[in-house]
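Here are my notebook entries from a session of looking things up in this structure. I kept them short, so please read them with the model open.

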Amino acid sequence: MKAILADSYGEPGVLEFGELPTPKVGPDQVLIRVKAAGVNPVDWKVLAGYLDPMMYAHFPLIPGWDVAGVIEQLGEDVPEYQVGDEVTGYVRRDEVQHGTYAELVAAPVRTLARKPAALTWQQAAGLPLAGLTAHQSFERVGLSSGDTVLVHAAAGGVGSLGVQIAVARGARVIGTASERNHDFLRSLGAEPVTYGDGLADRVRALVPEGIDAAVDFAGSGVIDASQELLRDRSRIASIADGTVRDKGGHLVWVRPSAADLTALADLADAGKLTVPIDTVLPLAQAAAALELSKKGRARGKIVLEVS
């Protein structure tokens, strides 16, 4: 099969477009013919070796954890699916080597859900990691109908899904973004505010009584400002700022969950969740996709088209 691979840690330029054997399929896995693979900031961070202190890596390494495609082969004990089923998944294992930037991926069924019919292949590939991150962050802060939630980096890959998920839960959403993205956030159902100095005052102008919850999808030093606004300072979660735990909040490291991913797929098929796409590139241009991701300016998701 064709795949994007690296023989060592490094910048995206170390990636090569090469040939590897078809993956082995474990008893609780399926072999997926990949249609598209989602690109996430964690992909270039894995490649750079930033996760080496916590995850073993083996080379050659195929990046990528997000996938959408068609099941081509079943493992020995997979009653959940049939050959030909369309699926999407956040295929993260405990060690890094066999990623999703490839024509074929062997994926544990615990990482998969059926592809939402309402989404394109590219959108389905962009849903898992970002959607699960937002969903699980809201779970950690106990977001419920009637709450007002502050979403940082609301126009990004995670944030744009998070806004929609929070709106679907019946929450009022205040979203931080640059001014060029304010109309985009309004289209998703959020009330936009510009990030940076004076953020707390701008949010207070919209919500004088304070907010119920906050989620940080940026990791850019927003914890203190958020807690100034919170009625309960513990109802804050961050995906990138570890100091949040020392300040009484929650650090979220997204986990594969078939049940959670199915819930997101159901939202999509109900017309309550779509996946904004910023850029689609062919698999062979994975290095360019990671360079684009590193800039951190994408509105929505970056996706690799595989087949």
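**Entry 1: the largest cavity**

I looked up the lining of the largest cavity first, bearing in mind that this is a predicted model. Its walls are made by Ile62, Pro63, Gly64, Trp65, Val91, Arg93, Glu95, Val96, Gln97, His98 and Gly99. I noted a volume of about 60 Å³ for the largest cavity. Which strand gives the largest share of the lining? I found that β7 does, with three residues. Sorted by class, the lining of the largest cavity holds five nonpolar, four polar and two charged residues. My search of the whole structure turned up four cavities of 30 Å³ or more.

**Entry 2: the second largest cavity**

Next I went to the second largest cavity, where I wrote down a volume of about 40 Å³. I listed Val42, Asp43, Val46, Pro63, Gly64, Trp65 and Val96 as its lining. Pro63, Gly64, Trp65 and Val96 were already in my notes, as they also line the largest cavity. Here the largest share, three residues, comes from α1. By class I have five nonpolar, one polar and one charged in the lining of the second largest cavity.

**Entry 3: helix α1**

That lining sent me to α1 itself, which covers residues 41-48. Which residues of α1 are buried? I have Val42, Asp43, Trp44, Val46 and Leu47 on that list. I then asked what they pack against, and found β3 (29-39), β4, β7, α3 and α10 (286-295). Just after α1 comes Gly49, and I noted that its phi is positive, near 90°.

I followed the pairing with α10 a little further. The axes of α1 and α10 come within 8 Å of each other and cross at roughly 105°. The two helices are therefore roughly perpendicular to each other. From α1, I see Pro41, Asp43, Trp44 and Leu47 meeting Leu290, Ser293 and Lys294 of α10. The residues of this contact divide into four nonpolar, one polar and two charged.

**Entry 4: helix α3 and helix α9**

I turned to α3 next, this time with α9 (residues 258-269) as its partner. I found that the axes of α3 and α9 come within 10 Å and cross at roughly 100°. That makes α3 roughly perpendicular to α9. Who makes the contact? On the α3 side I listed Pro128, Gly131, Leu132, His135 and Gln136, and on the α9 side Asp260, Leu261 and Leu264. I sorted the residues of this contact into four nonpolar, three polar and one charged.

**Entry 5: Leu261**

Leu261 deserved its own look, and I placed it in helix α9. Is Leu261 buried or exposed? It is buried, because its relative accessible area is 0% and the cut-off for buried is under 20%. Leaving aside neighbours within four places in sequence, I found Leu261 in contact with Thr88, Gly89, Tyr90, Thr111, Leu112, Ala113, Leu127, Pro128 and Leu132. Pro128 and Leu132 are also on my list for the contact of α3 with α9. I also checked Leu261 against Glu72: they are 189 residues apart in sequence and 21 Å apart in space, C-alpha to C-alpha.

**Entry 6: Ser137**

Back on α3 (residues 128-140), I looked up Ser137, which has its place in this helix. Ser137 is buried too, as I read a relative accessible area of 0% for it. What does Ser137 touch, not counting residues up to four places away in sequence? I wrote down Val215, Phe217, Ala237, Ile239 and Val252.

**Entry 7: the second largest pocket**

My last stop was the second largest pocket, with about 290 Å³ of space in it. How many residues line it? I have 17, and Met1, Pro21, Pro23, Lys24 and His98 lie nearest the centre of the pocket. I met His98 earlier, in the lining of the largest cavity. Three strands each supply at least two lining residues of the pocket: β4 (57-62), β7 (96-98) and β8 (104-108). Among the contributors, β8 gives the most, with three residues. My class tally for the pocket lining is 10 nonpolar, five polar and two charged.

Definitions and conventions
Residues are numbered from 1 along each chain as its sequence is written. This is a predicted model: local features need pLDDT of at least 70, side-chain atom pairs count only at pLDDT 80 or more; totals for chains, interfaces and linings use all residues. Side-chain values use heavy atoms; hydrogens and water are left out. Helices (H or I, at least four residues) and strands (E, at least two) are DSSP runs, numbered from the N terminus. Buried means under 20% relative accessible area, exposed over 50%, partly exposed in between (1.4 Å probe, protein chains only). Contact means heavy atoms within 4.5 Å. On a 1 Å grid over the protein atoms alone, a cavity is a set of points where a 1.4 Å probe fits but cannot get out, and a pocket is an open set with protein on both sides within 12 Å along at least five of seven lines; lining residues have an atom within 4 Å of a point. Grid points are joined across faces, edges and corners, and a volume is the space filled by probe spheres set on the points. Ala, Val, Leu, Ile, Met, Phe, Trp, Tyr, Cys and Pro count as nonpolar, Asp, Glu, Lys and Arg as charged, and the others, Gly among them, as polar. Axes are lines fitted to C-alpha atoms, for helices over the stretch in contact, and angles run from 0 to 180 degrees between N-to-C directions. Angles under 35 degrees count as roughly parallel, over 145 as roughly antiparallel, 65 to 115 as roughly perpendicular and the rest as oblique.
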